[in-house]
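Colleague: Before I use this model, I would like the reasons behind the labels. Please set each value against its cut-off.

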Amino acid sequence: MEQVPTSILCAERCHLGEGPTYDAATDTAWWFDILESRLFEARLASRQVRVHRLGRMASALARVDAERQLVVAEDGLYVRSIADGSMTLYRPLEADNLVTRSNDARVHPSGTIWISTMGRKAEAGAGSVYALHNGELSRLFANITIPNAICFSVDGALGYFADTAKNELYRIALDPVTGLPRGAPEVLLRHRGVGGLDGAVVDADGQIWNARWAGGCVDVYSPQGEHLRCLHVPARQPSCPAFVGPDLSRLLVTSAWQDMDAAARAADPDHGRTFVLDVAARGRPEPDVRLANP
């Protein structure tokens, strides 16, 4: 396992840290504590962190423009004002299904956003992957237990997602103009050994950076599924990575203490904290989500 320079961005522990993203225009990182209904905002230059209480579980966000964000929450998609934190329902998302909540999400280069849901207790087959394209929300894939690792190739012609319960990462051909599937998913790789495939992001060279839940690391894979690197994270349950910083050369990684008893937490002193790793790689700016055609 590779050791790289690592620092704690936020020492506040997340019960279930998830959904990191980075706004390069303001040098601000955002992430969630899903189970505690909290949104974290970190100014990277000053390392000042604010915590926003949302009143509902949420798991991911995307920048709409300089004033607004799209927040993916347990019952719907909300437009959030950055200035005052007010949230307005944009589209319901399985609002009538009390079994599920939102989980992973990422924006395709076209501005289409893929979003996943899963059972609150990881019920088998309860999860789905959706796409919000031109203001319309449609289900792409169903009967997934823990859909994670949503990310896209640099040219937008490929999409990836995982089922953590099966430890399989899938690849699917996409229309690069719309971000919608052109075929059926195929298994790109199966993880064997300790831990499970969790959140992921693609770098500027097309490599897939995947947080390994319960493995204490981030794995890097080629677009062909070859394992290239394994970087140590100082928490047993890293959950999702995002490239951050002015040159997008650092990796923010969230973590969690979900399902860890007192002994497990004591053995993992940095559980639930949020880290920044110097990874000798270069990420890509996150695209803005497009809510509808201009």
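Colleague: How many disulfides does the structure hold?

Modeller: Zero. A disulfide is a pair of cysteine sulfur atoms within 2.5 Å. This is a predicted model, in which local features need pLDDT of at least 70 and side-chain atom pairs count only at pLDDT 80 or more, while totals for chains, interfaces and linings use all residues. Residues are numbered from 1 along each chain as its sequence is written, and side-chain values use heavy atoms, with hydrogens and water left out.

Colleague: Why is Cys 14 in no disulfide?

Modeller: The nearest cysteine sulfur, that of Cys 10, is 6.5 Å away. The cut-off is 2.5 Å, so Cys 14 is left without a disulfide.

Colleague: What makes the sulfur of Cys 151 too far for a bond?

Modeller: The closest cysteine sulfur belongs to Cys 240, and the 9.1 Å to it is too far for a bond.

Colleague: Why are Cys 14 and Cys 151 called buried?

Modeller: Buried means under 20% relative accessible area, exposed over 50%, and partly exposed in between (1.4 Å probe, protein chains only). Cys 14 has 1%, so it counts as buried. Cys 151, at 0%, is therefore buried too.

Colleague: How many aromatic pairs are there in the whole structure?

Modeller: A search finds six. Rings of Phe, Tyr and Trp (its six-membered ring) pair if their centres lie within 6.5 Å; planes under 30 degrees apart count as stacked, over 60 as edge-to-face and the rest as tilted.

Colleague: Why is the pair of Trp 31 and Phe 40 called stacked?

Modeller: Its centres are 5.3 Å apart and its planes differ by 5 degrees. The angle is under 30 degrees, so the pair is stacked. Trp 31 is buried at 0% relative accessible area, and Phe 40 is buried at 0% as well.

Colleague: And what makes the pair of Trp 209 and Phe 243 edge-to-face?

Modeller: The centre-to-centre distance is 5.3 Å, and the planes stand at 85 degrees. That angle is over 60, so the label is edge-to-face. The pair links distant parts of the chain, with Trp 209 in strand β20 (residues 208-213) and Phe 243 in strand β23 (residues 238-244), 34 residues apart. Strands (E, at least two residues) are DSSP runs, numbered from the N terminus. Trp 209 is buried at 0% relative accessibility, and Phe 243 at 5%.

Colleague: How do you know that Arg 91 lies over the face of Tyr 90?

Modeller: A charge sits over a ring if NZ of Lys or CZ of Arg is within 6 Å of the ring centre and within 35 degrees of the ring normal. Arg 91 is at 4.2 Å from the ring centre of Tyr 90, so the distance condition is met.

Colleague: Which strands form the open sheet that contains β3?

Modeller: The order is β2-β3-β4-β5, with antiparallel pairing. Two strands pair if DSSP finds at least two bridges between them.

Colleague: Why do β2 and β5 stand at the edges?

Modeller: β2 (17-23) and β5 (48-53) each have a single partner strand, so one side of each lacks a neighbour in the sheet.

Colleague: How do you know that β4 and β5 pair?

Modeller: Strand β4 (residues 38-43) shares six antiparallel bridges with β5. At least two are required, so the strands pair. In this pairing, Arg 43 stands opposite Gln 48 in β5.

Note on methods:
Helix = DSSP H or I, 4+ residues; strand = E, 2+ residues; numbered from the N terminus.
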